[in-house]
Amino acid sequence: MINTIPSIAVYGLTGCAGELLVILENLEKLLPRVRVASFPFAQSKNDDLKSIDIAFVEGSVSQKHDLEKLEDIRRRTRWLVAVGNCAVWGCVQRGGCNRFELTELKEASYGEGASIEALPAAPLKDHVRVDVELSGCPINATQFLAVTASLLQDHLPYITKKPVCLECKLRENPCVLIEDDLPCLGPITAGGCGALCPSMGAACYGCWGPCEDPQVEAMATVLEEKGFSLPEVQSRLLTFGAPPEIFERLMKTPAKNKVTKEA
Ligand code: SF4
Ligand code: SF4
């Protein structure tokens with residue numbers, strides 16, 4: 001790819017810094033092979049190079065300065081990697097905050113007259129071209145290292161979007177949806193976490209965002225058969241920023257089954 005040591009940069013927009021922590025914890029494994037030009041979360045001396053080989057960006061675009069920062073990063077970067085559910089799907093900022101009127105939300109959070117220039121929360125791809133999307137809440141360290149290794153070899157990585165159920169079956173977990181009647185969203189959620197929650201006997205709540213071609217209607221039908229209410233099901237599905245378009249057909253076909261308990 002490059003004759004000199006490749007440069008990487010790690011930036012955060014509106015997010016919880018979960019991805020920044022995962023990257024920091026695993027940076028040592030990359031250091032002989034890359035130069036960390038900028039990582040304001042982890043180091044005080046940063047160099048905003050005119051040309052970066054790989055930029056990892058965490059967080060959603062939720063404020064004007066997020067957008068300005070992202071556009072500047074895009075201009076200077078060869079491979080732009082969106083890391084974490086906030087950057088890939090908009091996460092709870094999109095699923096939760098966008099349900100409210102922006103001005104009211106801003107005043108309730110920061111007080112009247114606050115100088116925050118809020119934007120409707122959105123994933124990176126709504127504003128700039130993104131080369132690689134690595135979801136997670138937070139991301140999986142092994143996937144992060146694999147993606148970086150691939151880009152350092154000048155290859156776009158393959159990232160699975162198969163559902164969590166696949167990983168659950170590979171671990172031979174009992175199914176908490178079928179056996180325990182828990183509202184598990186594993187069938188429509190992208191794998192990569194190794195079926196973390198069902199492996200501990202808990203339902204997947206969809207934090208990695210939707211899998212490829214999610215069968216949302218079938219998921220809603222199963223959950224309703226188990227007595228969960230459609231509004232609650234929809235709320236769970238949308239909470240982690242999954243795009244509302246994937247639920248359009250579901251919204252048009254209201255539930256027939258009775259509602260007996262909440263998800
Ligand atoms: S427990 Fe959840 S993730 Fe695992 S197989 Fe059942 S539905 Fe799928
Ligand atoms: S099982 Fe579901 S909720 Fe739990 S970490 Fe994995 S994707 Fe997230």
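Two strands pair if DSSP finds at least two bridges between them. Helices (H or I, at least four residues) and strands (E, at least two) are DSSP runs, numbered from the N terminus. Welcome to a predicted model, where local features need pLDDT of at least 70, side-chain atom pairs count only at pLDDT 80 or more, and totals for chains, interfaces and linings use all residues. Residues are numbered from 1 along each chain as its sequence is written, while chains are lettered from A and ligands numbered from 1 in the order written.

**View 1. The whole sheet is an open one of 5 strands.**
Let us start with the sheet and follow its strands across. The order is β2-β1-β3-β5-β7, and the pairing is parallel. At the edges stand β2 (35-38) and β7, each with a single partner strand, so one side of each has no neighbour in the sheet. From one strand to the next, the twist averages 25° (axes are lines fitted to C-alpha atoms, for helices over the stretch in contact, and angles run from 0 to 180 degrees between N-to-C directions).

**View 2. Strand β1 (residues 7-12) sits between β2 and β3 in the sheet order.**
Here we look at how β1 joins its partners and how it is covered. On one side, 3 bridges join β1 to β2, and the two strands run parallel. In this pairing, S7 stands opposite R35 in β2. On the other side, 5 bridges join β1 to β3, again in parallel. There Y11 faces V57, a residue of β3. Strand β1 is mostly covered, with 6 of its 6 residues buried (20 or more other C-beta atoms, placed from the backbone, within 10 Å; exposed means 12 or fewer, partly exposed in between). The cover extends to both faces of β1. S7, A9 and Y11 are buried on one side, and I8, V10 and G12 are buried on the other.

**View 3. Strand β5 (residues 77-83) is joined to β3 and to β7.**
Move along the sheet and you reach β5. Strand β3 (residues 52-58) is tied to β5 by 6 bridges, and the two run parallel. Look for V57 here, which stands opposite A82 in β5. The same V57 in β3 is the residue that Y11 stands opposite. Strand β7 (residues 132-134) is joined to β5 by 3 bridges, also in parallel. A82 turns up again in this pairing, standing opposite E133 in β7. Of the 7 residues of β5, 6 are buried, so the strand is largely enclosed by the rest of the structure.

**View 4. Beyond β7 come a cis peptide bond and a helix across the sheet.**
P138 lies in the loop between β7 and α6. The peptide bond leading from C137 to P138 is cis, with omega near 5°. Helix α6 (residues 141-152) lies across β3, β5 and β7. Relative to β7, helix α6 runs at about 165°.

**View 5. The loop between α7 (164-170) and α8 (196-199) holds two residues with positive phi.**
One of them is E172, which has phi near 60°, a positive value in a residue other than glycine. E172 is exposed, with 7 other C-beta atoms within 10 Å. The other is A195, where phi is near 55°, also positive in a residue other than glycine. A195 counts as buried, with 23 C-beta neighbours inside 10 Å.

**View 6. Helices α9 (residues 216-225) and α10 (residues 230-239) pack together.**
The two helices meet at an angle of about 135°, and their axes are 10 Å apart. From α9, the residues V216, A220, L223 and E224 meet L230, V233 and L237 of α10 (residues are in contact if their C-beta atoms, placed from the backbone, lie within 7 Å). E217 also belongs to α9. E217 is exposed, having 12 other C-beta atoms within 10 Å. E217 and F247 are 30 residues apart in sequence, and their C-alpha atoms are 8.1 Å apart in space.

**View 7. The confidence of the prediction is given along the chain as pLDDT (the predictor's confidence in each residue, from 0 to 100).**
The chain has a mean pLDDT of 90, and 93% of its residues reach 70 or more. Residues 255-260 are where pLDDT is below 50. Beyond near neighbours in sequence, this stretch has 6 contacts in the model. Where pLDDT is low, the predicted coordinates should not be read in detail.

How values were computed: Two residues are in contact if their C-beta atoms, placed from the backbone, lie within 7 Å.
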